[in-house]
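Biologist: Please take a close look at the salt bridges of this structure, and then at the helix that comes before them in the chain. A connected account, suitable for a first-year student, would be welcome.

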Amino acid sequence: MGTHFHYLVETPEPNLSAGMHQLKGLYAQIFNHRHRRVGTLFESRYHAKLIETEEHLAAAVDYIAANPVRAGLCARPEDWPWTWRPGR
């Protein structure tokens, strides 16, 4: 998925914006250095949704896992190499 990525994050403090700024900024710096480029790497700000129910959490996990399958990048969610799974 060359155009975006998904994270499901639990944070005890309301500091998601600062964390995403740091994550994306550091990644962009490393990527630009490695590929000898300059400038903005990410086109837009991140999008966040508050998950308040177990049903919404299950739907979010399923959506994230199925995303590379829907994009035609793998046959099954477990085949996607960048998906974290407990015990892996």
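Modeller: In this predicted model, the side chains of R76 and D79 meet in a salt bridge, with 2.8 Å from N to O. R76 also forms a salt bridge with E78, where the closest N and O atoms are 3.2 Å apart. The structure holds 2 salt bridges. Because they share partners, R76, E78 and D79 are joined into one network.

The exposure of these residues may be considered next. R76 has a relative accessibility of 44% and therefore counts as partly exposed, since that class lies between 20% and 50%. E78, with a relative accessible area of 40%, is partly exposed, and D79, at 35%, is partly exposed as well.

We now turn to the helix. Helix α2 covers residues 54-70, which is 17 residues. At 1.5 Å a residue, α2 should span 24 Å, and its end C-alpha atoms are indeed 24 Å apart, so the expected and the computed span agree. Within α2 there is a kink of about 25° at I64, and this kink lies shortly before the proline P68. P68 is also one of the buried residues of α2, together with A60 and N67; buried here means under 20% relative accessible area. After α2 comes G72, whose phi is positive, near 80°.

Definitions and conventions: Residues numbered from 1 in each chain as written. Predicted model: local features only at pLDDT ≥ 70, side-chain atom pairs only at ≥ 80, totals over all residues. Heavy atoms only, no water. Salt bridge = Lys/Arg side-chain N within 4 Å of Asp/Glu carboxyl O. Buried < 20%, exposed > 50% of the residue type's maximum accessible area, 1.4 Å probe, protein only. Helix = DSSP H or I, 4+ residues; strand = E, 2+ residues; numbered from the N terminus. Expected span 1.5 Å × (residues − 1). Bend = angle between axes of the 7 residues up to and from the residue.
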